[in-house]
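New to this one? Take a quick look at the sequence and the fold, then read on for a short tour.

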Amino acid sequence: MLRCRSGRMLRIDDDHLIVFDDFRNVELDEKADLIFADPPFGIEFKANMATYNRSPDALSYVEVPSREYPGFIRELVGWCYRSLKDDGSMWLVSGWNNLRHVLDAVEDAGFVQLNHVIWKYQFGVFTRRRFVTSHYHLLLLVKDADRYTFNKPEHYAEDVWIIKRPYQHGEATAGNELPDELVERCIYASSNERDLVLDPVLGSGTTMRVCMRMGRRCLGIEINPALEKRIRRKLGLYDAVDENMGLHGVNR
């Protein structure tokens with residue numbers, strides 16, 4: 001199904017696989033029907049887990065440095081375009097700070113933008129001298145404007161979604177974890193059962209959990225192997241596997 005440089009993988013079953021590597025080191029044998037990507041936003045935000053360009057066993061989350069973000073997002077979007085079927089779709093999550101770089105990367109890669117969805121959540125970081133930011137951008141992208149999957153969720157489906165953000169007091173998380181409901185909407189709208197969903201920046205494993213519940217095959221790629229423990233807990237894998245068990249060196 002794929003080739004990767006690290007060879008570090010966690011096989012959940014035949015239809016669900018996680019690769020611990022940089023997406024740029026991964027080559028697929030099967031292109032995806034749908035890509036869902038919630039990449040770093042490039043705003044130097046510090047939270048509580050490590051990610052790109054930082055030691056994978058650190059406990060502080062640091063975004064891609066702002067100066068490197070335009071190049072990073074171009075590489076990610078270009079890689080996704082090449083990894084997607086001709087009739088496939090992509091959902092790309094972004095903050096507002098570097099949205100111009102994201103939109104440039106989308107256009108340069110060759111994607112067609114179908115929708116620009118606004119996700120409104122219930123709280124943001126308090127500010128004194130500007131308005132509180134309480135929304136994200138979700139871009140719905142396709143390669144072919146005449147061929148793509150779209151399962152309309154309701155009769156009059158609008159492009160502003162009000163969905164509560166998860167709040168997990170005292171729990172070590174992977175920084176900005178998306179609510180299942182948000183990911184479910186995207187996956188339902190743009191894929192069908194047994195389709196292959198690809199998440200090249202998996203994080204804590206929300207996309208994988210949703211796909212398992214919705215009958216989609218899923219390949220997740222995450223650069224930080226330290227997140228395996230969080231992913232296992234989120235997917236309920238500790239019921240059958242010892243918490244101290246390391247990564248599986250399994251190739252497909």
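What follows is a briefing, grouped by topic.

Before anything else, keep in mind that this is a predicted model. The tour begins with a strand that is largely enclosed by the rest of the structure, moves on to two separate nonpolar cores, and then visits helices 2, 3 and 5.

**Strand 6 and its neighbours**

- Strand 6 covers residues 84-94, and 8 of its 11 residues are buried, so the rest of the structure largely encloses it.
- Strand 5 (residues 32-37) runs parallel to strand 6, and 5 bridges join the two.
- For a landmark in that pairing, look for isoleucine 35, whose bridge partner in strand 6 is methionine 90.
- Strand 8 (residues 135-142) runs antiparallel to strand 6, with 6 bridges between them.
- Here the landmark is leucine 92, which has leucine 139 of strand 8 as its bridge partner.

**The nonpolar cores**

- The largest nonpolar core is made up of 33 residues, and Leu2, Val19 and Leu92 have the most contacts inside it.
- Helix 1 (residues 69-82) supplies the largest share of this core, namely 7 residues.
- There's also a second, separate core of 32 residues, with Tyr136, Val197, Leu202 and Leu235 among them.
- Leu92 therefore turns up twice in this tour: it is bridged to leucine 139, and it is one of the residues with the most contacts inside the largest core.

**Cysteines**

- Cysteine 4 has a relative accessibility of 15%, and buried means under 20%, so this residue counts as buried.
- Cysteine 80 is buried too, with a relative accessible area of 0%.
- How many disulfides does the model have? The count comes to 0.

**Helix 2, a helix with two sides**

- Helix 2 spans residues 99-109, and its buried residues are Leu99, Val102, Ala105 and Val106.
- These residues sit on the same side of helix 2, because they cover an arc of only 125° around the axis.
- That spacing fits a general rule: an α-helix has 3.6 residues a turn, so residues three or four places apart point the same way.
- Turn to the other side of helix 2 and you'll find Arg100, Glu107 and Asp108 exposed.
- What do the buried residues of helix 2 pack against? Their partners are helix 1, strand 6, strand 7 (112-120) and strand 8.
- Just past the end of helix 2 comes glycine 110, with a positive phi of about 110°.

**Aspartate 180 and its arginines**

- Aspartate 180 belongs to helix 3, which runs over residues 180-190.
- Is aspartate 180 buried or exposed? With a relative accessible area of 17%, aspartate 180 is buried.
- Its side chain makes a polar contact of 2.9 Å with the side chain of arginine 209, and another of 3.1 Å with that of arginine 213.
- Leaving aside residues up to four places away in sequence, aspartate 180 touches Thr206, Arg209, Val210 and Arg213.

**Helix 5**

- Helix 5 (residues 228-235) is mostly covered, with 6 of its 8 residues buried.
- The buried ones are Glu228, Arg230, Ile231, Arg232, Lys234 and Leu235.
- They pack against strand 2 (9-13), strand 3 (16-20) and helix 4 (206-214).
- Leu235 of helix 5 is also one of the residues in the second core.
- Right after helix 5, glycine 236 has a positive phi of about 70°.

How values were computed:
Residues numbered from 1 in each chain as written. Predicted model: local features only at pLDDT ≥ 70, side-chain atom pairs only at ≥ 80, totals over all residues. Heavy atoms only, no water. Buried < 20%, exposed > 50% of the residue type's maximum accessible area, 1.4 Å probe, protein only. Helix = DSSP H or I, 4+ residues; strand = E, 2+ residues; numbered from the N terminus. Pairing = 2+ DSSP bridges. Disulfide = S-S within 2.5 Å. Core = buried A, V, L, I, M, F, W, Y, C linked by side-chain atoms within 4.5 Å. Arc of directions from axis to C-beta. Contact = heavy atoms within 4.5 Å. Polar contact = N/O pair within 3.5 Å; in protein donor to acceptor, adjacent residues only side chain to side chain.
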